[in-house]
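This briefing introduces the structure shown below to a reader who is new to it. The topics are the arrangement of the chains, the contact between them, and one selected residue.

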Number of protein chains: 2
Amino acid sequence: MIRALNETHDPQAKSWVTSANTDSTPFPIQNLPFGVYHNNGDHPRIGVAIGDCVLDLHRTTDAKLLESLPIVTQAACRSRYLNDLMSLSKGHWSQLRESLFKLLHESTPPGQKSILEGLLAPQTEIEMHVPCRIGDYTDFYAGICHASRVGSLFRPQNPLMPNYKWIPIAYHGRSSSIVISGTSIRRPSGQAKSPESDVPSFGPIRSLDYELELGFYVGSGNELGKPIPIERAEANIFGVCLLNDWSARDIHVWEYQPLGPFLAKNFATTVSPWIVTLDALAPFRCAAFVRSNGDPKPLPYLYSATDQAMGGVEISLEVALSTQEMRDTGIEPYTICRGSSRDLYWTMSQFVAHHTSNGCNLRAGDLLGSGTISGNSSHSSGSLLEMTRQGASAIQLPNGQLRGYLESDDEIVIRGWCRREGHVALGFGECRGRIDG
Amino acid sequence: MIRALNETHDPQAKSWVTSANTDSTPFPIQNLPFGVYHNNGDHPRIGVAIGDCVLDLHRTTDAKLLESLPIVTQAACRSRYLNDLMSLSKGHWSQLRESLFKLLHESTPPGQKSILEGLLAPQTEIEMHVPCRIGDYTDFYAGICHASRVGSLFRPQNPLMPNYKWIPIAYHGRSSSIVISGTSIRRPSGQAKSPESDVPSFGPIRSLDYELELGFYVGSGNELGKPIPIERAEANIFGVCLLNDWSARDIHVWEYQPLGPFLAKNFATTVSPWIVTLDALAPFRCAAFVRSNGDPKPLPYLYSATDQAMGGVEISLEVALSTQEMRDTGIEPYTICRGSSRDLYWTMSQFVAHHTSNGCNLRAGDLLGSGTISGNSSHSSGSLLEMTRQGASAIQLPNGQLRGYLESDDEIVIRGWCRREGHVALGFGECRGRIDG
């Protein structure tokens, strides 16, 4: 189930794209994440990030450099969206990755290399797009520290619901309002009721927040009525991105009972543009969340020994905030949170197995959010809600400004990295959004 | 905002398709609902129902019978889905309706009529499809009797939440598992915890239920960040269908806190195939739900005088149940519920205005469910949950069988009709589903 290590993970491997060989690049030849971009007047197309460049997969296919691959893979590489590629299998994805690794490796024959050089563009010159048609977006709630801390704010007697350690709790999100990193986020208006008031009112919301999450893109999926067993669940995940699930806390408190979040969430969700594949993440796998002694063992449909041993993935995450004043005065963005994917109580395989356990069908390109990732300390709070206790204890920025929630022109940037001794570090790039108004 | 009456609503109008002129047809010439179907080896295409036939809009366009219409309308009529047509405007939809009315009217010139006769197929020979790509599916909760009665089962102290009369409560549903009428519904498995047990277990669910709803298809939609004011909301609704929001009650009780329904709902939602346009419904409009004296007036963003006066639509609904034994012994399906859309607390315009009030974008083809429609009596319970008080008081069928919840091979058929003095009655057809396993 877990992808095996092979030559594409070789820490000694270098690319002829020299920017891919620096320590600081998120995109060494061991990464090769997929995205969709356009350059000047070209149509949007699939690309793969390498160092500070992107390789045009449409033209690479047209140049017959991928002709050893199945026709379906070549056709998928010419698509405007990643869905066609996602709908193939783990085997197809791995083959493509291996081919791209060879093409971008320093040992590539000079003839091929000179063709490929013409198919590269600097990442600074391209515009990224949401990489696939996202049919359905599901947001889980697997960050146990987040669930506990938020629960204690809203339900002091009962912070963690009795179902939490049995079910990977989730709700359906909105796919229409998923936007790509860099899109500005308009402050929503909404209906809210303050505790002091007898009646609600409508207006621009006050408690605008970010949520630090990972996103998992579904690959091949399943037919309606055919659950995916946990042993085969991970083969259905194409890759991982960073995700900011923007939240309007004042709307949430007033609307969420009894059917859960709706307008508090669906005004915008930002995704990072590059999808890091599970093949690339193979060296960074780890055990599932280690449950406390009193915690129940997952029910059989959520349990596999392999998943318990290796179903986690270790990703270091950080969230930086900058205000207009900070940017105007040359002050660096301030890191307000350092988190880790290891704080997720459920694995991606458990997400897939649970989601399909009732026969619900997942389709290629569907997005599964992890839920907000927080650790135990206030420096690892994946949202301002937790960090500032509902805005009550504002945080102080390096220039002395205070923030309870986000204000106009504030910018949030999420970054993610995988680092492990003996392996080349790889990154996810950025998930960036600035509040407009 | 409300569509005006015109010649297409003339109760004297007859079609040359004689089956459209009978009292019993849901599809007289005054209706003309749109759907997507295929016939034999043809590709799926858009059709309009007339009597017991369907007219092929692709071929009608090819035959140049719609050439007075804008090119965009003609192109949309050749599409495989209704999204292109939906994405045009109310003006385009009305123009197309008027053209189809003339073509199918008994006064159509014989030359045109003989061409059109070749473009008709009997509805018994075609197969219907989900009529559009449904990007996002939102399910409201506007049936106030349902919300009160269900609330009293789950939260006796607090049946109707304080927000209910202020907010059109809704949650995001799952679009991938929306199926067309006639698709069999597999009984889901799921995790549930009985009150007697300390721990949950996983297996086929026991309390499988239907929910009687209407579905509203979004037309043109809005850009992210640009709310649709209530005065312009209805112009964004393309039409209405019947909807059965199948529900697994035992999963629901265990999973729904704190983020709302998920696996209890997303295993299947059935829609009826024909979309009745708001033009066709113009003679059947009525006032919005009449609020009690103590109820709050809607906040300004949810209030318009026109919507209060005419924003409702009067649709009579019924739900029939048949069991395998009933069908084997020739016993007619038993009508277990008679309901009315007048029991919806919020109007479709309020749905659209609220949904977009935070800037959330609706796209052509998105589906808005009304929420379960129940009346005050047990004969108007839009779900078995209410009718049988969580299965405790089983209903007796004509052959003596008892039903607390749905059992294997049970079939639910929802039908809807608009009837008003001085107008030709029109129907929605059927929303049918049989439990498989």
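A polar contact is a pair of N or O atoms within 3.5 Å; within protein, one atom must be able to donate a hydrogen and the other to accept it. In chain B, the side chains of T8(B) and R97(B) form such a contact, at 3.2 Å. The model discussed here is a predicted one. Its chains A and B bury about 5,300 Å² between them, and the two copies are related as by a two-fold rotation axis.

**Symmetry of the two chains**

- A turn of 180°, with a shift of 0.0 Å along the axis, lays chain A on chain B with an RMSD of 0.0 Å.
- The two copies are thus related as by a two-fold rotation axis.
- Among the residues of chain A, G260(A) comes closest to this rotation axis, its C-alpha lying at 2.1 Å.
- Both copies use the same surface, since 100% of the contact residues of chain A recur in chain B.

**Extent of the contact between chains A and B**

- Chain A contributes 55 residues to the contact, and chain B contributes 55 residues.
- Of the buried area of about 5,300 Å², 62% is on carbon and sulfur atoms.

**Polar contacts, salt bridges and contributing elements**

- Four salt bridges are counted between chain A and chain B.
- One salt bridge joins R174(A) to D366(B), with the closest N and O atoms 2.7 Å apart.
- Between the two chains, 35 residue pairs are in polar contact, with both residues at pLDDT 80 or more.
- On the side of chain A that touches chain B, the elements giving two or more residues are the strands β7 (170–172), β10 (189–192) and β11 (201–204), together with the helices α8 (249–255) and α12 (348–356).
- β7(A) provides the largest share of that side, namely three residues.
- By class, the side of chain A that touches chain B comprises 27 nonpolar, 20 polar and eight charged residues.

**The surroundings of T8(B)**

- T8(B) lies in the segment before β1 (34–39) of chain B.
- With a relative accessible area of 0%, T8(B) is classed as buried, because that class covers values under 20%.
- The side chain of T8(B) makes a polar contact of 2.6 Å with the side chain of N6(B).
- Leaving aside residues up to four places away in sequence, T8(B) touches Q30(B), R97(B), E98(B) and F101(B).
- R97(B), one of these residues, is also the polar-contact partner of the T8(B) side chain at 3.2 Å.

Notes
Residues numbered from 1 in each chain as written. Chains lettered and ligands numbered in written order. Predicted model: local features only at pLDDT ≥ 70, side-chain atom pairs only at ≥ 80, totals over all residues. Heavy atoms only, no water. Contact = heavy atoms within 4.5 Å. Buried area = accessible area lost by both parts, 1.4 Å probe. Salt bridge = Lys/Arg side-chain N within 4 Å of Asp/Glu carboxyl O. Helix = DSSP H or I, 4+ residues; strand = E, 2+ residues; numbered from the N terminus. Nonpolar A, V, L, I, M, F, W, Y, C, P; charged D, E, K, R; others polar. Buried < 20%, exposed > 50% of the residue type's maximum accessible area, 1.4 Å probe, protein only. Least-squares fit on C-alpha atoms with pLDDT ≥ 70 in both.
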